[in-house]
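Biologist: I am new to reading structures. Could you walk me through one, feature by feature?
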Amino acid sequence: MIFTIAARELRGLFLSPLAWTLLAVVQGLLAWIFLVLVGDFRNLQGRLAALDNAPGVTDLVAAPLFRVAAWVLLLLAPLLTMRLLSEERRTGTLDLLLSAPIGSTAIILGKYLGVMAFLSVMIAMIALMPLVLAAGAPLDFGKLLAGLLGLILLAGSFAAAGLYLSALTTQPALAAAATFGLLLLLWVIDMAGTSQKTAGSLFAYLSLPRHFDALLLGLFDSADVAYYLLFVVACLGLAIRRLDDARLRD
Amino acid sequence: MKGEILVQVERLTRSYGDIRAVDEINFTLRTGEVLGFLGLNGAGKSTTMRMLAGVLAPDAGRITIHGVDLLDQPRQAKQAIGYLPEQPPLYREMTVDEQLHYSARLHGLDRAACRQALLRVKDCCGLVDVGRRLIGNLSKGYRQRVGLAQALLHDPPVLVLDEPTVGLDPIQLREMRELIRRLGRDHGVILSTHLLPEVQAACTHVQIMQAGRLVYAGALADLEQRRRSTHLRVGLNAPPPVASLAQLPGVVQVEDLGHGRFRLHHASGVAPHQAVLERACADGWDLWEMTPEHAGLEQIFVDLTLGEAAA
């Protein structure tokens, strides 16, 4: 049942020009940045050779690329998630799901999996670029995988937040704006946390990119992974509650 | 099985804020019945149907569908319902086949069963030729039919149709009514409408809702009885006192409408037109108008609500 909903969601995305446009824009933009990064690396190569324990191509190309990709995902995730539930509610198609013999949990998980499948396609396409370098340079696959995992976890958090906010309104634009605001806030919340005071370090801990940076360095800390998973579970839980609530209030 | 109880609704209540949209209604639906829900806009028809379909939770009351409590075991109960909302829940970017396939899968049909169900409902609803067309490009009438086909996919014993004939042209209207009558033979159908002819054409039973309450429930034949002309409007240039009109044989009550017009209430089937005519000629009332008034839907509402208040 979950997969039926997820499959329709994914199909729906690919039937709209939005998904294709986003894929093209992201790929084009990141390809440009990738080229610049590779060019920089070539220029630096001579000096790096002289250093002991010098950063490799994974650190100087893949990691910065993923960092930019995270930003791009932040910008476009709201566009992908905004319609998930708000549009269904507005056009009345939600009634089909609500009157079918399926629970709210299955509906939310189906929607989430659908959009995650799309984001995975996008991330896979981004990952292809540094992978190409394997043909001519030594890649640190451990670091690369950690970075990719971070990117997926990050995208998963974005999508979960967007799904919840999409459940709150009937207007996709409103859902997108709210999602964007929330994600941006969580992105920059650690600006308040540069000092070592307790409140400051709490903010730093809450920030989304903080946990991503560690993964980019190849540091796999289960606390970082747990942070993202908790964030996703919380958002999805809220979305399920909201959908149950809709039957009560609406 | 004919006469088997399919839907049992007890003291169903639902409010939106301070407004009581549905107020303690009770009714029963059996196999072989087509129950027409009549009511003006905002009478609570759609709210009731949404609750039956499990889309909206009631504030209080019980709904039992095919022996299963809708609130306790929603999944099982929903499997027994086919629901067509006011706005058919269709994805514009999908084709008819895709939409129906998706809906069938949501209702737990496996692939083989899906194919068969699709053929069956497309044939039943006249959609064989449009299977590959995009729903967004279909006319309102076709979308309505896709919506109905979707409700029939899992072959539910109960059909809940919210204004199923809105937007259909006269031919489609006739086909839809015929289809509903046919479905009514071995299903239980609940349909809502605000058109009386609709009920007459397709239903066996009728319920009238007014401001969230059920003001009338019964077989269609009984309503027909009520709807028979029971009023005669007369216009007189030289009217007698009201009392002498009231004494005419068959007249139950006289309403003075002003300007020499009167509405004579009489028992159905015994119109006093002959008596009025004779007296008018004999006493020189100067009769210039005499019209039998058929009770419109509105009149029935007024009668019923007045009757409620009096009773």
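Modeller: Start with how elements get their names. Helices and strands are DSSP runs, at least four residues for a helix and at least two for a strand, numbered from the N terminus. With that, we can place B:Ala211: it is in the loop between strand E9 (205–210) and strand E10 (213–219) of chain B. Keep in mind that this is a predicted model.

Biologist: What is the phi of B:Ala211, and how exposed is the residue?

Modeller: Phi of B:Ala211 is near 50 degrees. That is a positive value in a residue other than glycine. For exposure, count neighbours: 20 or more other C-beta atoms within 10 Å means buried, 12 or fewer means exposed, and in between is partly exposed. B:Ala211 has 16, so it is partly exposed.

Biologist: Where is B:His259, and is it buried or exposed?

Modeller: B:His259 is in the loop between strand E12 (251–258) and strand E13 (261–266) of chain B. Its phi is positive too, about 55 degrees, although B:His259 is not a glycine. The neighbour count is 9 other C-beta atoms within 10 Å, so B:His259 is exposed.

Biologist: Now chain A. Which elements does it have?

Modeller: Chain A has 11 helices and zero strands. Its radius of gyration is 20 Å, and the globule rule gives 18 Å for 250 residues. The two values are close, so chain A is as compact as a globular protein of that length. Its C-alpha atoms fill a box of roughly 70 × 45 × 25 Å along the principal axes. Of its 250 residues, 40% count as buried.

Biologist: How do I read contacts along the sequence?

Modeller: Ask how far apart the partners are in sequence. Take contacts in chain A between residues at least 6 apart: 80% of them join residues at least 24 apart. A:Gly110 gives a case of distant positions coming together. A:Gly110 and A:Arg8 are 102 residues apart in sequence, yet 9.0 Å apart in space, C-alpha to C-alpha.

Biologist: Which residues is A:Gly110 in contact with?

Modeller: Leave aside its neighbours within four places in sequence. Then A:Gly110 is in contact with A:Ile2, A:Ile5, A:Ala6 and A:Glu9. A:Gly110 itself is in helix H6 (residues 104–132) of chain A. It has 22 other C-beta atoms within 10 Å, so it is buried.

Biologist: How should I think about spacing in a helix?

Modeller: An α-helix has 3.6 residues a turn, so residues three or four places apart point the same way.

Biologist: How many residues does each chain bring to the contact between them?

Modeller: Chain A gives 18 residues and chain B gives 22. On the chain A side, H1, H5 and helix H11 (222–248) each supply at least two residues. That side divides into eight nonpolar, six polar and four charged residues.

Biologist: What covers the buried residues of helix H3 of chain B?

Modeller: Both chains take part. The cover includes helix H1 (2–15) and helix H5 (94–99) of chain A, together with helix H4 (111–125) and helix H5 (140–152) of chain B. Nine of the 11 residues of H3(B) (residues 96–106) are buried, so the helix is largely enclosed by the rest of the structure. Among those buried are B:Leu100, B:His101 and B:Tyr102. Just after H3(B), B:Gly108 takes a positive phi of about 85 degrees.

Biologist: Let us turn to strands. How many residues of E7 of chain B are buried?

Modeller: Five of the five residues of E7(B) (residues 158–162) are buried, so the strand is largely enclosed by the rest of the structure. B:Val158, B:Val160 and B:Asp162 point one way, and B:Leu159 and B:Leu161 the other way.

Biologist: Which strands pair with E7(B)?

Modeller: Strand E6 (residues 81–84) of chain B runs parallel to E7(B), joined by four bridges. There, B:Gly82 stands opposite B:Leu159. Strand E8 (residues 188–193) of chain B also pairs with E7(B) in the parallel sense, over five bridges. In that pair, B:Val158 stands opposite B:Gly188. The chain crosses from E7(B) through helix H6 (residues 170–186) of chain B to E8(B), a right-handed β-α-β crossover.

Biologist: What is the strand order in the open sheet of four strands?

Modeller: The order is E2-E1-E4-E5 of chain B, with antiparallel pairing. Strands E2 (19–30) and E5 (68–69) are the edges, as each pairs on one side only. Helix H1 (residues 45–52) of chain B lies across E1, E2 and E4, at about 120 degrees to E1(B).

Definitions and conventions:
Residues numbered from 1 in each chain as written. Chains lettered and ligands numbered in written order. Predicted model: local features only at pLDDT ≥ 70, side-chain atom pairs only at ≥ 80, totals over all residues. Rg over C-alpha atoms; globule rule 2.2 N^0.38 Å. Contact = placed C-beta atoms within 7 Å. Nonpolar A, V, L, I, M, F, W, Y, C, P; charged D, E, K, R; others polar. Pairing = 2+ DSSP bridges. Right-handed = clockwise from strand over helix to strand, strands pointing away. Axes fitted to C-alpha atoms, helices over the stretch in contact; angles between N-to-C directions.
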